[in-house]
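Colleague: I would like to learn how to read a model like this one. Could you walk me through it, one feature at a time?

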Amino acid sequence: FGGFVVVAAIASALLWVYHAFLVVTNRTTKEYRKSIPNVTEEPTLCAPRGPQLFDPWALVDPQVINGSTSSSSRGGSGRHL
């Protein structure tokens, strides 16, 4: 059990060092892995949110959902017993 704790502690320390490196170099993981410079853009964390992709308050007709998904995804007639 002690060996597992040591391995977990070392892995956590390595992950912390990697994230500290990213913070110091002012890059994200994606930028580091793809070598994309981020000189002119704002960081995603501080950027304004984009438009909503759907209306979370819109009413959904269950008949449309049941009829369109059950017959195409299961290959059945779309009827539920």
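Modeller: Happy to. Let's start with confidence: pLDDT is the predictor's confidence in each residue, from 0 to 100. This is a predicted model, and the mean pLDDT of its protein chain is 75, with 65% of the residues reaching 70 or more.

Colleague: Which element has the lowest mean pLDDT, and which the highest?

Modeller: Helix H3, residues 62-74, has the lowest mean at 65, while H1 has the highest at 94. Where pLDDT is low, the predicted coordinates should not be read in detail.

Colleague: Good to know. What pattern does the chain follow along the sequence?

Modeller: The pattern is α-α-α, built from 3 helices and 0 strands.

Colleague: Let's take H1, then. How do its end C-alpha atoms compare with the expected span?

Modeller: A helix is expected to span 1.5 Å times one less than its number of residues. H1 has 23 residues, so it should span 33 Å, and its end C-alpha atoms are indeed 33 Å apart.

Colleague: And what happens just after H1?

Modeller: Look at the backbone of Asn 26: its phi is positive, about 55 degrees, although Asn 26 is not a glycine. This residue sits in the loop between H1 and helix H2 (29-34). Asn 26 counts as exposed because its relative accessible area is 58%, and the cut-off for exposed is over 50%.

Colleague: Now the surface. How much area does the chain expose?

Modeller: About 7,800 Å², of which carbon and sulfur atoms supply 64%. Of the 81 residues, 4% count as buried, meaning under 20% relative accessible area.

Colleague: Which residues make the nonpolar surface patch?

Modeller: Phe 1, Phe 4 and Val 5 make it, and it covers about 420 Å². Phe 4 belongs to helix H1, residues 2-24. With a relative accessible area of 59%, Phe 4 is exposed.

Key:
Residues are numbered from 1 along each chain as its sequence is written. This is a predicted model: local features need pLDDT of at least 70, side-chain atom pairs count only at pLDDT 80 or more; totals for chains, interfaces and linings use all residues. Side-chain values use heavy atoms; hydrogens and water are left out. Patches are made of residues with over 30% relative accessible area and no salt bridge: like charges are joined within 9 Å, nonpolar side chains (Val, Leu, Ile, Met, Phe, Trp, Tyr) within 5 Å. Accessible areas come from the Shrake-Rupley method with a 1.4 Å probe; for residues, only the protein chains shown count as cover. A salt bridge is a side-chain nitrogen of Lys or Arg within 4 Å of a carboxyl oxygen of Asp or Glu. Helices (H or I, at least four residues) and strands (E, at least two) are DSSP runs, numbered from the N terminus. Buried means under 20% relative accessible area, exposed over 50%, partly exposed in between (1.4 Å probe, protein chains only).
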